[in-house]
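Me: I should be grateful for a close look at the N-terminal part of this model, with attention to backbone geometry and helix packing. Please then relate it to comparable features elsewhere in the chain.

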Amino acid sequence: MTAISQLQPQALWQWFEQICAIPHPSKHEQALSAHIQAWAKDKQLDIIEDKVGNLIIKKPATAGMENRKVVVLQAHIDMVPQKNSDKIHDFEKDPIIPYIEGDWVKATGTTLGADNGIGMASALAVLGSDDIPHGPLEVLLTIDEEAGMTGAFGLEAGYLDAEILINTDSEQEGEIYMGCAGGVDAQISVPMVWQSPEQSNATYTLTLSGLKGGHSGVNIHLGRGNANKLLARFLFNHADELAIELTQLTGGSLRNAIPREANVSFMLPGENVPQLETLMAEFQTLINQELAIADPQMRLELTEAPAATQVMSEDTQNRLIDLLHACPNGVIRMSDEVEGVTETSLNVGVISTKTESVEILCLIRSLLDSGREEVEGVLTALTNLAGVEVSFSGAYPGWKPDNSSPVMALVRETYDDIYNKAPVIMVIHAGLECGLFKKPYPEMDMVSIGPTIRYPHSPDEKVLIETVGQYYQLLLAVLARIPEKI
């Protein structure tokens, strides 16, 4: 047994170790799903895989609790696949390697998958127990939450009997979540016109790296650097004076992760390279001063690249750079109703250069439909001015807070009884699946809890060991207190 599997509560951590061992990035959850299904069948639990791949597992109540309201514990199967640039790791084949450092569990150069692996492990630990008191229990494990909420969108009425849903995807012990932001993907397409280089120039790749990145909902208010935006800023300021001709621009990997790295390949006159290196050093110093608290380790690196045979036309290049530099990013507005919570934000998440176009993928989040629609309008106006196209897809609703929620009151009272202090009732800017569950199950009463996870969606992701036990203790206490059916 490893040190991870010997942590307490042991059943939860043993499950988490199994989850780490089986690759399960978004859209590639089949192996982990199959493992869970085989285990559930061996335990003689009722298990269903629905049309889109969600798992619904049902367990009878423990003796004497048969008349309690049915509860569904919910988590998502997939994890965000992010790694450091120097880490060799295939998320579809290689296991996550967790380790203990002080009070935290981390991963070796990759995302840990505590989001939402700890929640999933807690639900499976309850299913596998013989000594945890609970009423009729269901577990819902959704697919593809991180890359499109496919599972939540595809969940249909009729699968669940529960009146109460406990979502396990929150990331701060001591906080109870009763609402979340909605969102929509925005894809900007900049048509590509190629031409031959004006002269036989040197070809280089400029890489911007060293940023913290993070979750574009949970961490967006921290003011961290966005690699795509910073690289666009450098090009906006210096591309003309250096006679740069772009051949490729890429950055980020997920629309819901703040991009940590971006790179641009280009040709320029060899005699301008010393000036480029000087400007790089000045820009690196400037940005590290600007982000001295939030994100102080940005670095620029120049490497030679194979000679290019074509470059972007001058008009295409100017249009792309101007658009990226002008595009809003980060917090658009803080909430007036919930202190300290972001109301509306935009993350310029991914840039990819293709033969026909450069594609820019953004994620808009807002607690208000009107806030989301306003940012859609801003991007539409900006792309109209730039003469390019933008499309919106995958819109999902927010989870409207319900101050009269019985389960929220139950969790709050239980937490107060256990720890002799009141939890914080919160609305989260990240997109939980609860809003989507309200469509097939409009009367379901919902709440979200979880342990303390830092820097999800980045290789710095870590989970605070002590809070995993605290979260699990709260979960079990709530299950024991679920009221009887009316």
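**Backbone geometry and helix packing**

Reply: Pro9 is placed in the segment before helix 1, which covers residues 10-21. The model is a predicted one, and in it the peptide bond that joins Gln8 and Pro9 is cis, with omega at about 0°. In general, most peptide bonds are trans, and most residues other than glycine have a negative phi.

Past helix 1, the loop that leads to helix 2 contains Lys27. Although Lys27 is not a glycine, its phi is positive, at about 75°. Its relative accessible area is 46%, so Lys27 counts as partly exposed.

Helix 2 (residues 30-42) packs with helix 3 (residues 114-128): their axes come within 12 Å and cross at roughly 15°. Because angles under 35 degrees count as roughly parallel, helix 2 is roughly parallel to helix 3. The handedness of this crossing is left-handed. On the side of helix 2, the contact is made by Leu32, Ile36 and Trp39; helix 3 contributes Met120, Leu124, Leu127 and Gly128.

Helix 3 also holds Asn116. A cis peptide bond joins Asp115 to Asn116, with omega at about 5°.

Comparable backbone geometry is found at Tyr455, which has a positive phi of about 55° and is not a glycine. Tyr455 sits in the loop between strand 24 (453-454) and strand 25 (462-464). With a relative accessibility of 29%, Tyr455 is partly exposed.

Helix 11 takes in residues 465-481. Its 17 residues reach 25 Å from the first C-alpha to the last, close to the 24 Å expected at 1.5 Å a residue. The buried residues of helix 11 include Ile465, Val468, Leu474, Leu475, Val478 and Leu479. Also among them are Thr467, Gln470, Tyr471 and Tyr472.

As to covalent cross-links, how many disulfides does a search of the whole structure find? The search finds zero. Cys327 is in no disulfide, and the nearest cysteine sulfur, that of Cys362, is 4.7 Å away. A disulfide requires the two sulfur atoms to be within 2.5 Å, so this pair does not qualify. Cys327 is buried, with a relative accessible area of 4%. Cys362 is buried as well, with a relative accessible area of 0%.

Notes:
Residues numbered from 1 in each chain as written. Predicted model: local features only at pLDDT ≥ 70, side-chain atom pairs only at ≥ 80, totals over all residues. Heavy atoms only, no water. Helix = DSSP H or I, 4+ residues; strand = E, 2+ residues; numbered from the N terminus. Expected span 1.5 Å × (residues − 1). Buried < 20%, exposed > 50% of the residue type's maximum accessible area, 1.4 Å probe, protein only. Axes fitted to C-alpha atoms, helices over the stretch in contact; angles between N-to-C directions. Parallel < 35°, antiparallel > 145°, perpendicular 65-115°, else oblique. Left-handed = near helix turned anticlockwise from the far one by under 90°. Contact = heavy atoms within 4.5 Å.
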